[in-house]
Amino acid sequence: MTKRNDIDSLRNLSGDIWNVAVDEYAQGFLKRRDLLKYAALIGLTGFAASQGLGFAGQARAAAAGGTVRVGLGQPTKAIDPVTLTDPASIGVISQVGEYLILDDPKDGLQPKLAVSWEADETAKRWTFKLRPGVKFHDGRAVTAKDVVASFERLVDPNRGSAALSAYKGILSKGGAKIVDEQTVAFDLDQPNSNFPFYVSSDVYNAVILPADYAGDFEKNFNATGPFKLESFRPKQGASFVRNPDYWGDKALPDRVEIKFFDDEQAQVVALQAGQLDVIPSTTRLELAIEGNANFRLLSVQASSHDAVHLRTDQAPFTDKRVRRALALTLDREAIVKGLLKGRAIAGNDTPFAPIFPSADPSVPQRKQDIAEAKRLLAEAGVPNGFEVTLTTERAYDIPDYAVIIQNFAKKAGIDVKLNVLPQDAYYGSATFGSSPWLDSNLGITDFGHRGTPDIFLNATLKSDGAWNAAHFKNADYDALLVDYGKARDLQAQRIAAGRIQTLLLDETPEIISYFSQYSRITSNKVEGVRFTAISHLLLDRVTFVQA
């Protein structure tokens, strides 16, 4: 088929919104993989599947069966899909829980408990068709009643849902509705063309649970996934066995055994001793296995980032020139190469990671410019710099990043004092007035991957955003968010995104100097380990390499 005929055949698949994306593909503005991701976003799931989307298969001869042994950190509290927030708990529920849609880091949105979805012309009502024949582990059939109840639970402010911040301004109580036994509709608070991401694994709390779920998940881990509970031991670990009644391809391993660790170094020691097959990854652990052919580092590019917030309502950061000056002290490429060993891409002080198709690549990249930083400080009335305390969490590479910021800031005369807190102390109650995260003058917070920038844009920077640690209140920005949400094609999204990116560069309520890759470390004896950049660990396709 010629290129022209190929384009013409693509145009027949859907309406005007899809055809704009096809035009961008034809003109070279959109890569084929991004076109396939867009097909999934608007519900052309059959076309996406026909193009070979999905995780890559195994490259070496391997055998099914056996037990996959996993090391994870300690869950921070009882494992409950509605309230969990930590990576270990996400890894655990990945074995048993499923979403309407999986956001695959390579191929975008993939149908799971929903088989198709579409929006009305306003992008304010979205309708999802459910997969028939799906059963919970207790044998009951999954219906629209269960799906509606699952989302009503997440948006109910009285249920302790950890997803309230994600849905604020997008979906409210009463917004999820039963159309028929196999169809659910969502009436949104405002138009949002990226809504499928909000019911995907991107909102890791959005596991579909029975309508009568009572908050006792640890009793039976009752959900729909490829594994079902064998045993659970708080503070120690859990084991799961193949679910013989799973709706899809049955899991290849017989069992998954998870062990919780208090110390990350103990995980790598257990891996090196042959006691584990899979562990999370940090820069420190990667160095421990570097060059060892017995282990592999698997990575996917993510939108994960460590955001530096600057309190726009407190001196010295009430003046945007001071905020820009601090941002200009950072050498982003040096940070990517040094701190992150090249496993990241430079950020431009907005949540629009380059991996998002809607990001406007024409917006100039901010680079280190000490002379300009000093000029801005002088213009703002602080020619000799100032002293400020940077408060952050003792987690991952963040303390090292804080030291790097401290050293770069000195070049412009800014004296940064460090206040590094235990992670639970830093987040506090996670509410304004009682959280160093949300109340500190200057801070660093880690944000996990999302498949779209929407949650970052709304929760961290909107005037009433629940994670707005910068206390940034800007009516023009809020209005641009509405424009972005209404945009029904990539070209319109990119125009709106460019305006948002330009405004945020000017205002600089936060500094985002890099977007990290997300990695796992595995033994070379296993194949088929899959994961999302938000900590889901998908082990149903794992096989063991033949000697």
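This tour moves through a predicted model, from a mixed sheet to its aromatic pairs and nonpolar cores.

**The five-stranded sheet**

Begin by selecting the strands of the open sheet, which run in the order β17-β16-β18-β14-β19 with mixed pairing. At its edges are β17 (415–421) and β19 (510–511), each of which pairs on one side only.

Next, select β14, residues 305–310, together with β19; the two strands pair in the antiparallel sense over two bridges. Within this pairing, Val308 has Ile511 of β19 as its bridge partner.

Then move to β16, residues 387–393, which pairs with β17 in the parallel sense over seven bridges. Display Thr391 here, and Asn419 of β17 will be found opposite. To follow the connection, trace the chain from β16 through α14 to β17: this β-α-β crossover is right-handed.

**The loop before β17**

Select Gly413, located in the loop between α14 (398–410) and β17. Is this residue buried, partly exposed or exposed? Gly413 has a relative accessible area of 34%, so it counts as partly exposed. Setting aside residues up to four places away in sequence, Gly413 touches Asn384, Gly385 and Phe386. A distance label between the C-alpha atoms of Gly413 and Phe386 should read 7.0 Å, although the two residues are 27 apart along the chain.

**Aromatic pairs**

Now display the rings of Phe, Tyr and Trp. The whole structure contains 23 aromatic pairs. One of them joins Trp126 and Phe195, with 6.5 Å from centre to centre and 40° between the planes, a tilted arrangement. Trp126 belongs to strand β6 (residues 125–130), while Phe195 sits in the loop between β8 (183–187) and α8 (217–220); the pair therefore ties together parts that are 69 residues apart in sequence. Trp126 has 2% relative accessibility and so counts as buried. Phe195, at 0%, is likewise classed as buried.

For an edge-to-face case, select Tyr427 and Trp437, whose ring centres are 5.3 Å apart and whose planes form an angle of 70°. Tyr427 lies in helix α15 (residues 423–427) and Trp437 in helix α16 (residues 436–439), ten residues apart. Both Tyr427 and Trp437 are buried.

Return to Trp126 and Phe195 and extend the selection to Trp117, Phe128, Phe151, Tyr167, Phe186 and Tyr198: ring pairs link these residues into a cluster.

**The nonpolar cores**

Several residues of that cluster reappear in the next selection. Which members of the largest nonpolar core touch the most other members? Among its 88 residues, they are Val70, Leu100, Phe128, Phe151, Tyr167, Phe186 and Phe195. Helix α6, residues 144–155, gives the most to this core, with six residues.

Centre the view on Phe186 and show its surroundings. Leaving out neighbours within four places in sequence, Phe186 is in contact with several aromatic residues, including Trp126, Phe128, Phe151 and Phe195. Its other contacts include Leu100, Leu171, Ala176 and Val199, as well as Lys124 and Arg125.

Finally, select Ala373, Tyr401, Ile405 and Leu442. These residues are among the 33 of another core, which lies apart from the largest one.

Terms used
Residues numbered from 1 in each chain as written. Predicted model: local features only at pLDDT ≥ 70, side-chain atom pairs only at ≥ 80, totals over all residues. Heavy atoms only, no water. Pairing = 2+ DSSP bridges. Helix = DSSP H or I, 4+ residues; strand = E, 2+ residues; numbered from the N terminus. Phe/Tyr/Trp six-rings, centres within 6.5 Å; stacked < 30°, edge-to-face > 60°. Buried < 20%, exposed > 50% of the residue type's maximum accessible area, 1.4 Å probe, protein only. Contact = heavy atoms within 4.5 Å. Core = buried A, V, L, I, M, F, W, Y, C linked by side-chain atoms within 4.5 Å. Right-handed = clockwise from strand over helix to strand, strands pointing away.
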